[in-house]
Amino acid sequence: MHHLILALTVTPSPDPTGTLRPGLSEDQVTPGTWGFVLTAFIVILTTFLIVDMVRRIRRVRYRAQVEEARLAAESGEPAGAGGTPDENDDAGSGTR
């Protein structure tokens with residue numbers, strides 16, 4: 001069994017020394033410069049969108065915490081006394 005596994009790992013399945021079919025150039029089978037530029041643009045745009053989304057979610061979470069503290073202060077309770085312990089742990093975890 002070990003000989004079979006060793007033979008499969010040593011012998012590459014596709015022949016790495018293969019060439020392109022006659023009539024094809026490397027530009028026809030690779031994305032080229034424009035493909036790289038477009039892919040890099042999509043990656044950068046996605047990164048900015050994710051950062052903006054995280055910032056907006058954090059802002060909404062902070063506003064909810066401030067509103068909860070304001071309502072607790074108006075009702076005379078301590079700021080962290082309302083809700084279940086699980087809710088208080090999630091609100092005070094401070095993950096950023």
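What pattern does the protein chain follow, read along the sequence? The pattern is α-α-α-α, with four helices and zero strands in the chain (DSSP runs: H or I of at least four residues for helices, E of at least two for strands). This is a predicted model, where local features need pLDDT of at least 70, side-chain atom pairs count only at pLDDT 80 or more, and totals for chains, interfaces and linings use all residues. Residues are numbered from 1 along each chain as its sequence is written, and side-chain values use heavy atoms, leaving out hydrogens and water.

**Helix α3**
- Helix α3 covers residues 32–75, and its 44 residues reach 65 Å from first C-alpha to last.
- That is close to the expected 64 Å, taken as 1.5 Å times one less than the number of residues.
- Just after α3, Gly76 takes a positive phi of about 90°.

**Surface**
- Buried residues (under 20% relative accessible area, with exposed over 50% and partly exposed in between; 1.4 Å probe, protein chains only) make up 1% of the 96 residues.

**Salt bridges**
- The count is three salt bridges (a side-chain nitrogen of Lys or Arg within 4 Å of a carboxyl oxygen of Asp or Glu).
- Asp52 and Arg56 meet at 2.9 Å, N to O, and sit four residues apart in α3, about one helical turn.
- Asp52 is partly exposed at 25% relative accessibility, and so is Arg56 at 48%.
- Glu67, Arg70 and Glu74 are linked in a network: Arg70 pairs with Glu67 at 2.4 Å and with Glu74 at 2.6 Å.
- Glu74 counts as exposed at 56%, while Arg70 is partly exposed at 39%.
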